[in-house]
Amino acid sequence: MAERQALLDLSKEEIEELLVSWGQPRYRADQVWRWLYVGLVSEIDQMRNLPAALRTQLGGQFVVTNVSPVRSQRSADGHTEKVLLRLADGQTVETVFMDYDGRRTVCVSSQVGCTLHCAFCATGLGGWIRNLSAGEIVGQVLYYARLAKGGPPGGDGSLGRGGSRTAPTTAAASAQPITNVVYMGMGEPFLNYEAVRRSIAILNDPEGFNLGARRVTVSTAGIVPGIERLGAEGLPIGLAVSLHAATDELRNRLVPINRKYPLAQLIPACRDYTERTHRRVTFEYALIDGVNDSLAHADALAQLLHGLLCHVNLIPVNPVADLPYLPSPHERILAFEKRLRERGINATLRVSRGADIQAGCGQLRGSPRECETVVSA
Ligand code: SAH
């Protein structure tokens, strides 16, 4: 049987066109849309106010979602969970859910694997396989939205052999269970621009999932044309840039895409983004022992970002098996942060979440590893 398409891949207009072409009244499209993004159903049969014949017709060609959970793990503190999701073609990606400071954030992947090969990141180690579709991105958000709302997880609801599911501990049932979505999982969102943009549009819809643009952050390793394109959309979407170094010489080594888009292009593109969107840019800076963490590095960073509407997130680098990098000692991190502040740069030290389940920044590989243990519910 031909693969059934996911309804999550369709825009509201496309659903409307489809249903009208089947001789249905237009309001049926609104009903379907509400079931998907307000009702958060995972099965077409749960769309109770649709005529049975229409549900059957829809079910012949479509499923709600093409992502289904294989297994999930929760961090020891209970506030971070990650799930391995299987896609229709058998590829897998990881998605992370974080529940703290009053926010319920889903961190989505945008590609299976990654082409960029940042020196300290696990995702690129297995190479790049393919881009995700908009529906596969939206499906990651809805997986956790259903859980946070207390419903079934989606897909076929099963976790397959050896799997287990753990609902987020503190996610209270809520009309809008997810407060933030960050494109900081596997892959480079700006190398899959169309699907990423389309997924944001779907999630934004006020009559559907209703996640405001301000609650979405797209993170890039520095694809300048992507920053320019997103800025030109005129939406206040958050932008994060994975900087990690303040000179081309060092950044070329840590984030090799810098050779193509050096700092002299990247920083003006960020400035332009702040002017267009009136949003400050977040710069991610992973502190790596002996590599980018001296006071001289802090000074160079402060100089680079001088006068820019921005914020620096400092993160001790998460260790990745097979990679040689270690986090900076705590005192050096504090000294780095202090120095940036003295130089007038907003900086905060981010607590690393979920590193115990390899769910921290740069630790997502998208395939189960032998050393991982499954936390049972
Ligand atoms: N490709 C995009 C989206 C991925 S976001 C980007 O690079 O922004 C993942 C974030 O984790 C990026 O900021 C990345 O630089 C960071 N990261 C990667 N490996 C890391 C590690 N080992 N420790 C801490 N952060 C890491």
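**Exercise 1. In this predicted model, determine which residues F283 touches beyond its neighbours up to four places away in sequence, and place F283 within the nonpolar interior.**

Solution. Leaving out residues up to four places away in sequence, F283 touches V241, L243, I267, C270, L305, L308, C310, H311, V312 and N313. The next step is to turn to the largest nonpolar core, which has 111 residues and in which F283 belongs to the group with the most contacts, together with L58, Y183, F209, L305, V312 and L340. Two members of that group, L305 and V312, also appear among the residues that F283 touches. Helix α4, residues 134-149, gives the most to this core, with nine residues. As a general background, nonpolar side chains in soluble globular proteins tend to be buried together.

**Exercise 2. Describe the chain as a whole: how many helices and strands does the secondary structure come to, what share of the residues counts as buried, and what share of the contacts between residues at least 6 apart joins residues at least 24 apart?**

Solution. The secondary structure comes to ten helices and 14 strands. Of the 377 residues in the chain, 56% count as buried. Taking the contacts between residues at least 6 apart in sequence, one finds that 68% of them join residues at least 24 apart.

**Exercise 3. Classify the packing of helix α1 against helix α2 from the angle of their axes, and give the make-up of the contact by residue class.**

Solution. The axes of α1 (residues 12-21) and α2 (residues 27-37) come within 8 Å and cross at roughly 135 degrees. Because this angle is neither over 145 degrees nor between 65 and 115 degrees, α1 is oblique to α2. The crossing in which α1 passes α2 is right-handed. On the side of α1 the contact is made by K12, I15, E16 and L19, and on the side of α2 by R28, A29, D30, V32, W33 and L36. Sorted by class, the contact has six nonpolar and four charged residues, with no polar ones.

**Exercise 4. Are helices α6 and α8 roughly parallel or roughly antiparallel, and which residues make their contact?**

Solution. Helix α6 (residues 224-232) packs with helix α8 (residues 263-277) at an angle of about 10 degrees, their axes being 9 Å apart. As angles under 35 degrees count as roughly parallel, the two helices are therefore roughly parallel to each other. The contact is made by V224, I227, L230, G231 and A232 of α6 and by Q265, L266, A269, C270, Y273 and R276 of α8. These residues divide into eight nonpolar, two polar and one charged.

**Exercise 5. Describe how helix α9 packs with helix α10, beginning with the angle and the distance between their axes.**

Solution. Helix α9 (residues 295-305) and helix α10 (residues 330-342) pack at an angle of about 35 degrees, with 9 Å between their axes. The crossing of α9 past α10 is right-handed. From α9, the residues L295, H297, A298, D299, L301 and A302 meet A335, F336, R339 and L340 of α10. By class, the contact divides into seven nonpolar residues, one polar and two charged.

**Exercise 6. L40 and H278 each have a positive phi; decide whether L40 is buried or exposed, and whether H278 is buried or exposed.**

Solution. Most residues other than glycine have a negative phi. Phi of L40 is near 55 degrees, and this residue is placed in the loop between α2 and α3. Its relative accessibility is 7%, so L40 counts as buried. Phi of H278 is near 60 degrees, and H278 lies in the loop between α8 and β12. With a relative accessible area of 64%, H278 is exposed.

**Exercise 7. Give the surroundings of I200 and of L263, and say in which helix I200 lies and in which helix L263 is placed.**

Solution. I200 lies in helix α5, residues 193-204, and counts as buried at 1% relative accessibility. Apart from its neighbours within four places in sequence, I200 is in contact with Y183, V216, V218 and I237. Of these, V218 is 18 residues away from I200 in sequence and 9.8 Å away in space, C-alpha to C-alpha. L263 is placed in helix α8 and, at 6% relative accessibility, counts as buried. Not counting residues up to four places away, L263 touches L243, A245, A246, T247, D248, R251, N258, P268 and L304.

Methods. Residues numbered from 1 in each chain as written. Predicted model: local features only at pLDDT ≥ 70, side-chain atom pairs only at ≥ 80, totals over all residues. Heavy atoms only, no water. Axes fitted to C-alpha atoms, helices over the stretch in contact; angles between N-to-C directions. Helix = DSSP H or I, 4+ residues; strand = E, 2+ residues; numbered from the N terminus. Left-handed = near helix turned anticlockwise from the far one by under 90°. Contact = heavy atoms within 4.5 Å. Nonpolar A, V, L, I, M, F, W, Y, C, P; charged D, E, K, R; others polar. Core = buried A, V, L, I, M, F, W, Y, C linked by side-chain atoms within 4.5 Å. Buried < 20%, exposed > 50% of the residue type's maximum accessible area, 1.4 Å probe, protein only.
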